[in-house]
Amino acid sequence: MKQKKNCTAKSSGPLGEMLTPLHRKADTFKRSYRMLAAAFAMTVLLTTPAFATGGDPLAVINNLTAFIFSLIRAVGMILLGWGIVQVGLSLQSHDPSQRSQGFLTLAGGLIVTFAKEILDLITGTAV
């Protein structure tokens, strides 16, 4: 009668000894610890300090708002183009519900595209 061994996998070492489940857990723990230590070392060693410029802090805020409004303008232009396509398709297919949806998308695209100018008119600040 053969005895059943308690191990399931061979190691890749030179002796070819059998690994028990406890050894596999220890190897997994060592491997994950090494990966974590390497990630931490790379984070510490490869971090570059960012120095603030001596300029005006309001200039940074103005640049950020200009960037955000340019993103909003791009979304508005996409909506404007999609509205034009919807109106064109509705005129071709004679679908009044699609035509109204196209005009609403077109109007929304115009409002989003010129949101900065509309806000400047409302608040009374012209740049």
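This is a short walk through a predicted model, from a buried serine to a nonpolar surface patch and two salt bridges.

Let's start inside. Find helix α2, which covers residues 57–93, and go along it to serine 90. Is this serine buried or exposed? Serine 90 has a relative accessible area of 0%, so it counts as buried; the cut-off for that label is under 20%. Which residues does it touch, if we leave aside those up to four places away in sequence? The contacts of serine 90 are Asp95, Gln98 and Arg99.

Now turn to the surface. Leu110, Ile111, Phe114, Ile118, Leu119 and Ile122 make a nonpolar patch of about 560 Å². Two elements, α3 (96–113) and α4 (115–123), each give two or more residues to this patch. Helix α4 gives the most, with three residues. One of the patch members, isoleucine 122, is a good place to pause. Isoleucine 122 sits in helix α4, and its relative accessibility is 65%. Because exposed means over 50%, isoleucine 122 earns that label.

Stay with helix α4 for the charged side chains. How many salt bridges does the structure hold? There are two, and we can take them in turn.

In one of them, glutamate 117 pairs with arginine 73, and the closest N and O atoms are 2.8 Å apart. This pair joins distant parts of the chain: glutamate 117 belongs to helix α4 and arginine 73 to helix α2, with their positions 44 residues apart in sequence. If you began at serine 90, you have met helix α2 already. How accessible are the two partners? Glutamate 117 has a relative accessibility of 35%, so it counts as partly exposed. Arginine 73, with a relative accessible area of 30%, is partly exposed as well.

The other salt bridge is between aspartate 120 and lysine 116, whose closest N and O atoms are 3.6 Å apart. Here both residues lie in helix α4, four residues apart, which is about one turn of the helix. Aspartate 120 is partly exposed at 21% relative accessibility. Since buried means under 20%, aspartate 120 falls outside that class. Lysine 116, at 27%, is also partly exposed.

To gather the threads, helix α4 holds isoleucine 122 of the nonpolar patch, both ends of the bridge between aspartate 120 and lysine 116, and the glutamate 117 end of the link to helix α2.

Notes:
Residues numbered from 1 in each chain as written. Predicted model: local features only at pLDDT ≥ 70, side-chain atom pairs only at ≥ 80, totals over all residues. Heavy atoms only, no water. Buried < 20%, exposed > 50% of the residue type's maximum accessible area, 1.4 Å probe, protein only. Contact = heavy atoms within 4.5 Å. Patch = residues over 30% accessible without salt bridge, like charges linked within 9 Å, V, L, I, M, F, W, Y side chains within 5 Å. Areas by Shrake-Rupley, 256 points an atom, 1.4 Å probe, with all protein chains shown as cover. Salt bridge = Lys/Arg side-chain N within 4 Å of Asp/Glu carboxyl O.
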